Amino acid sequence: MADAPEAPRAQTTPPPGPGTDLTRRAFLRASGAVGTAVATGAARPDAARPAPSIRNRVQLGRTGIEIPDISFGSFSLEADADEALVHHALDRGVTHFDTAEGYTEGRAEKILGRALQGRRDEVTITTKYWAVPENSAAHQMKMLEQSLRHLKTDYVDIYMNHAVNDVDRLGEEWQAFATRAKEEGKIRAIGMSGHAPRLAQCMEYALDQSLVDVFLVAYSFAQQPSFKDSLKAYLSDWLPSLDIVASQARLPELIARAHGEGVGVMVMKTLKGARMNDMRAFERPGRTFSQAAFRWVLSDPSVDGLVISMTSTDAIDEFVEASGSGEPDREDLALLARYLAKNVGTSCLIGCGDCASSCPAGVEIPDVMRMRMYDLDYRQPTIARREYAQVGRNALACLSCSGTPCATACPSGLDIAGLARDTHHRLA
Ligand code: SF4
Ligand code: SF4
């Protein structure tokens with residue numbers, strides 16, 4: 001494990017919650033301020049405002065790796081022209097780039113590699129491989145070397161086992177590979193990413209066995225107890241029902257433990273479904289839903305930085321504007337609450353999986369819902385269709401099913417059968 005000293009972090013104060021001066025009246029006033037944006041139509045970043053740039057850089061645990069608080073996610077890098085997005089992000093001070101061997105069937109790594117040619121010394125890179133127990137250490141080394149070729153580099157800063165949801169994937173072959181790759185200087189830090197139902201179990205195992213230097217995990221404002229406390233205290237009679245069903249209830253505790261032990265903590269899926277376009281009418285420049293969500297998650301003292309898919313120059317500017325922008329305030333809280341309210345009963349909880357065993361046909365409901373999110377919320381239909389084709393048991397069986405077995409399986413009240421059938425029609 002890396003043993004570089006832990007980075008000093010900016011002092012943070014707790015987000016608004018019980019015990020702060022956030023009264024319900026103040027909250028409603030803030031909600032009203034958000035509503036004003038509807039009348040003015042002001043929502044997107046204003047072209048007349050100065051170009052934003054990264055304002056906060058942090059040490060990633062004890063790895064010795066410095067990252068911006070907001071990093072570039074390459075999940076949707078698809079075409080050669082997307083190199084321009086990488087250059088735009090660099091111009092804005094984004095110097096950490098997150099990718100994976102499997103993103104866009106390898107194209108994301110290659111596009112990133114070409115875009116970063118000649119600038120490797122200015123940046124740090126994470127890439128990932130979905131290692132399973134059957135993969136030998138030698139096979140995993142070959143996959144790393146393929147990623148290095150794609151990225152046109154001889155090392156990556158962080159190499160992760162991708163989307164781990166089973167401790168067997170952190171077994172002897174993976175450990176032998178990761179240790180050797182680090183000794184050979186091909187990777188600086190060993191990591192694990194995850195977003196699925198057994199994430200907490202896998203994180204705990206990795207911490208107990210001292211297996212990783214960095215985590216990248218799905219984590220959003222709705223998973224922080226302080227956020228839920230704020231809503232309960234100030235909004236319980238304003239919005240009748242909010243989607244604050246706990247998923248991954250142990251995540252805050254494990255993130256805090258990781259941070260305390262010097263393991264770097266990066267987070268993703270911070271927008272809780274990224275239905276940003278539902279929110280545009282309530283936003284104003286410098287005060288968008290995504291910026292509020294970033295402020296909230298970055299105010300968690302155990303979180304080092306976040307990764308977000310950057311799909312347009314406007315989105316990059318909007319995201320980067322949130323860098324180092326301080327604590328979330330009342331107006332942010334109102335935006336986040338409004339987002340939850342708008343998505344009650346239609347938004348699948350990332351990392352939940354409570355419905356997983358409800359289907360007698362074995363439909364992989366959480367994965368079907370995730371592909372739906374890629375299609376409708378991320379607005380990435382090509383990627384969604386491609387990934388849907390990889391789902392072992394997709395929603396084909398739902399077309400001829402009554403829907404009774406899964407009808408009450410979702411604690412958030414999702415109409416699983418209806419959503420699954422619609423998803424199959426869209427993506428099959
Ligand atoms: S609709 Fe039927 S087949 Fe589809 S997930 Fe529900 S129980 Fe399974
Ligand atoms: S459909 Fe409901 S129960 Fe299933 S993973 Fe999503 S939120 Fe959880």
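Let's start at helix 2, which runs over residues 83–91 and has Leu 85, Val 86, His 88 and Ala 89 buried. Look down the axis of helix 2 and those buried residues fall within an arc of 160°, so they line one face of the helix. There's a simple reason to expect such patterns: an α-helix has 3.6 residues a turn, so residues three or four places apart point the same way. What lies over the buried residues of helix 2? The cover includes strand 3 (70–73), helix 3 (107–115) and helix 10 (313–320). Just past the helix comes Gly 93, with a positive phi near 90°. Keep in mind as you look around that this is a predicted model.

Now zoom out. The protein chain has 14 helices and 10 strands, and of its 428 residues, 48% count as buried. If you take the contacts in the chain with a separation of 6 or more, 83% of them are between residues 24 or more positions apart.

Next, the inside. The largest nonpolar core has 117 residues, and Phe 215, Val 297, Leu 306 and Leu 336 touch the most other members. Where does this core sit? Domain 1 (41–342) and domain 2 (365–427) both give residues to it, so it lies between them. Pick out Leu 306 for a closer look: leaving out residues up to four places away in sequence, it touches Asp 69, Ile 70 and Ser 71, and its other partners include Met 266, Val 267, Met 268, Phe 294 and Val 297.

From there, head over to helix 13, residues 381–388, where Ile 383, Ala 384 and Tyr 388 are buried. Seen down the axis of helix 13, these buried residues fall within an arc of 130°, so they too line one face of their helix. What they pack against is helix 12 (365–377) and helix 14.

Helix 12 also holds Leu 376. Is Leu 376 buried or partly exposed? It has 19 C-beta neighbours inside 10 Å, and because being buried takes 20 or more, it counts as partly exposed. Leu 376 and Arg 426 are 50 residues apart in sequence, yet their C-alpha atoms are 9.8 Å apart in space.

Between helix 13 and helix 14 there's a loop, and Cys 398 has its place there. Cys 398 is buried, because 24 other C-beta atoms lie within 10 Å. Its C-alpha atom is 8.6 Å from that of Ala 361, a residue 37 places away along the chain. Setting aside neighbours within four places in sequence, Cys 398 is in contact with Val 363, Ala 417, Ala 420, Arg 421 and His 424.

Cys 398 also brings us to ligand 1. Among the 14 residues around this ligand, Cys 359, Cys 398, Cys 401, Cys 406 and Ala 417 come nearest. Helix 14 (residues 416–427) gives the most to the shell, with three residues. Sorted by class, that shell has 13 nonpolar residues, one polar and no charged ones.

Finally, turn to ligand 2. Here, 14 residues surround the ligand, and the closest are Cys 348, Cys 352, Asp 354, Cys 355 and Cys 410. Which helix gives the most to this shell? That's helix 12, with three residues. By class, the shell around ligand 2 has 11 nonpolar, two polar and one charged residues.

Notes:
Residues are numbered from 1 along each chain as its sequence is written. Chains are lettered from A and ligands numbered from 1 in the order in which they are written. This is a predicted model: local features need pLDDT of at least 70, side-chain atom pairs count only at pLDDT 80 or more; totals for chains, interfaces and linings use all residues. A residue is near a molecule or strand if its C-beta atom, placed from the backbone, lies within 6 Å of it. Helices (H or I, at least four residues) and strands (E, at least two) are DSSP runs, numbered from the N terminus. Ala, Val, Leu, Ile, Met, Phe, Trp, Tyr, Cys and Pro count as nonpolar, Asp, Glu, Lys and Arg as charged, and the others, Gly among them, as polar. A residue is buried if 20 or more other C-beta atoms lie within 10 Å of its own, exposed if 12 or fewer, and partly exposed in between; C-beta atoms are placed from the backbone. Two residues are in contact if their C-beta atoms, placed from the backbone, lie within 7 Å. The arc is that of the directions from the helix axis to the C-beta atoms. A nonpolar core is a set of buried Ala, Val, Leu, Ile, Met, Phe, Trp, Tyr and Cys residues joined through C-beta atoms within 7 Å. Domain bounds come from an automatic or database domain assignment.
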